[in-house]
Amino acid sequence: MNPTHLPQGPAVRYEGDVLFVEDVRVADLAREHGTPLFVYSRAAMLAALSAYQRGFAGRKARVFYALKANSSLAILQLFARAGCGFDIVSGGELERVLAAGAQPADIIFSGVGKTRHEMRRALELGIHCFNVESEPELEVLNAVATGLGVRAPVSLRVNPDVNPLTHPYISTGLKGSKFGIAHKDALRAYRQAAALPGLRVVGIDCHIGSQITNVTPYLDAMDRMLDLVTAIEAAGIPIAHIDFGGGLGIVYNDEQPPAADALWQRLLAKLDARGFGDRQLLVEPGRSLVGNAGICVTEVLYLKPGEQKNFCIIDAAMNDLPRPAMYEAFHQIVPVQRRAGAAMVCDVVGPVCESGDWIGRDRALSAQAGDLLAVLSAGAYCMSMASNYNSRGRAAEVLVDGSQVHVIRERESIEDQLRNETLLP
Ligand SMILES: *Cc1c(COP(=O)(O)O)cnc(C)c1O
């Protein structure tokens, strides 16, 4: 691996041997705010969004950011101000986007297990659409909406049964997935939805998986979806919008995902060719808007040479960066200050008491205790998945804008962690 090749777009670069995020030295951020520390580039997030907006220029299309990728309030605020809607998957995410300044009409609600309580709150607020994932959910949503005297706008999440060619834990569009309504059952479910008085059919959606680096699964899914739209409309049920979900991959190592505008050039050509070019389009990207815009800065605590393996023990762990433990995912790990000297091949691991607590395996690093490292491509599915395992406080987060630094989340204190607990009498 060429250590000067950083997969971060505008987010991260070396000047000489010194790592920067935009115009700020990463080492200065670590000194001021401590480690582990998430650092995000505002410009990189907006550049990622622009690629979608460019791809959709002149079309009736809208980006709904899937905030489970990174739901920190300031990041939601940034995307709300840039014109995004939001794709939520829980009542907690609903309250979060409202707190960040989003309007209910800019929210779509996905997820297989919405509770009545969550449905009621979203209906009272008047969200844009519910992405419904099963026939029983249609019945419950109908009952809740009828009870409130409203009609719930619904889109059915259809499972197009295409293989996204990604990790099994982040494949969602295959038969056997808990997500979506099977392609063969979709027409029946649409007939059911159209007949229920508390529902109003507005669209169709799919989301086939995540970290997709290949255009073909998207093209296949689109064909399968358009076949269904044709059949559903032939049954007299108009489909106002088509939502193609999220899933576009980013660069962690040597992946070569299409840019969002290049992907959509291909997809729009297919839509046009099949006569659906003027349809209202929605997309729900998460990872591709934030993943490459963030890093996690960490300090080397100990080097621990061993007979079979060398270990580099850092102060970030699986509770901060869960992706390697959860999906055996790869993140590049680079020095904040490049130094000369022999590299040692080591596993980069955290302090958590689990063998699964590794961040990188067999990495060549010339680091010493006290050095700072940056774990790259850490903007998505890191902080939003962070936990307090081992009673570790969650990291702080800063957003860099040129030479300006905004603290967007304080480091979690032990008081924060103990707040909701009580001792026995
Ligand atoms: C997770 C998710 C997304 C976003 O996926 P990315 O791979 O992060 O783009 C979009 N839609 C739904 C329904 C999701 O569950």
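Helices, as named in these legends, are DSSP runs of H or I with at least four residues, strands are runs of E with at least two, and both are numbered from the N terminus. Every view shows a predicted model.

**Figure 1. A cis peptide bond joins threonine 35 to proline 36.** Let us start at this bond, where omega is about -10 degrees. Proline 36 belongs to the loop that runs between α1 (26–33) and β4 (37–41). For context, most peptide bonds are trans.

**Figure 2. The ligand and the residues around it.** Which residues come closest to the ligand? Lys68, Ser210, Glu284, Arg287 and Tyr381 do, out of 14 residues that surround it. Backbone atoms are worth a look here too. A polar backbone atom of arginine 287 is 2.7 Å from an oxygen atom of the ligand. For glycine 247, a backbone N or O atom lies 2.8 Å from a ligand oxygen, and for glycine 286 the corresponding distance is 2.9 Å. On its own, the ligand has 390 Å² of accessible area, and the protein covers 95% of it. The space that the ligand takes is the largest pocket.

**Figure 3. Tyrosine 381, beside the ligand, has a positive phi.** This residue is among the closest to the ligand. Its phi is about 55 degrees, although tyrosine 381 is not a glycine. Most residues other than glycine have a negative phi. Tyrosine 381 sits in the loop between β19 (372–375) and β20 (396–401). Is the residue buried or exposed? Its relative accessible area is 9%, so tyrosine 381 falls under the 20% limit and is buried.

**Figure 4. Aspartate 161 also has a positive phi without being a glycine.** Here phi is about 55 degrees. The loop that holds aspartate 161 runs between β9 (152–159) and β10. With a relative accessibility of 25%, aspartate 161 counts as partly exposed.

**Figure 5. A salt bridge pairs arginine 62 with aspartate 106.** The two side chains meet at 3.0 Å, N to O. Arginine 62 is in strand β5 (residues 61–66), while aspartate 106 is in the loop between α4 (91–99) and β7 (107–109), so the pair ties together parts that lie 44 residues apart in sequence. How do the partners compare in burial? Arginine 62 is partly exposed at 25% relative accessible area, whereas aspartate 106 is buried at 19%. The limit for buried is under 20%, which is why the value for aspartate 106 qualifies.

**Figure 6. Glutamate 95 and arginine 121 form a salt bridge between two helices.** The side chains meet at 2.6 Å, N to O. Glutamate 95 comes from helix α4 and arginine 121 from helix α5 (residues 116–125), so this pair ties together parts 26 residues apart in sequence. Glutamate 95 is partly exposed, at 34% relative accessibility. Arginine 121 is partly exposed as well, at 32%.

**Figure 7. Lysine 309 reaches aspartate 347 in a salt bridge.** The closest N and O atoms are 2.9 Å apart. This pair links distant parts of the chain, 38 residues apart: lysine 309 lies in the loop between β14 (294–304) and β15 (311–314), and aspartate 347 in strand β17 (residues 344–349). Lysine 309 counts as partly exposed at 31% relative accessibility; aspartate 347, at 7%, counts as buried.

**Figure 8. Four charged side chains share a network of salt bridges.** The members are Glu135, Lys184, Asp185 and Arg188. How many salt bridges does the whole structure contain? The search finds 24.

**Figure 9. Histidine 183 occupies the loop between β10 (181–182) and α7 (186–195).** At 18% relative accessibility, histidine 183 counts as buried. Between histidine 183 and alanine 193 the separation is 10 residues in sequence and 15 Å in space, taken from C-alpha to C-alpha.

**Figure 10. Helix α3 and the glycine that comes after it.** Helix α3 spans residues 73–81. Which of its residues are buried? They are Ala74, Ile75, Leu76, Leu78 and Phe79. Glycine 83 follows α3 and has a positive phi, near 100 degrees.

Definitions and conventions
Residues are numbered from 1 along each chain as its sequence is written. This is a predicted model: local features need pLDDT of at least 70, side-chain atom pairs count only at pLDDT 80 or more; totals for chains, interfaces and linings use all residues. Side-chain values use heavy atoms; hydrogens and water are left out. Buried means under 20% relative accessible area, exposed over 50%, partly exposed in between (1.4 Å probe, protein chains only). A residue is near a molecule or strand if one of its heavy atoms lies within 4 Å of it. A polar contact is a pair of N or O atoms within 3.5 Å; within protein, one must be able to donate a hydrogen and the other to accept it, and residues adjacent in sequence count only if both atoms are side-chain atoms. Accessible areas come from the Shrake-Rupley method with a 1.4 Å probe; for residues, only the protein chains shown count as cover. On a 1 Å grid over the protein atoms alone, a cavity is a set of points where a 1.4 Å probe fits but cannot get out, and a pocket is an open set with protein on both sides within 12 Å along at least five of seven lines; lining residues have an atom within 4 Å of a point. A molecule sits in a cavity or pocket if more than half of its atoms lie within 2 Å of its grid points.
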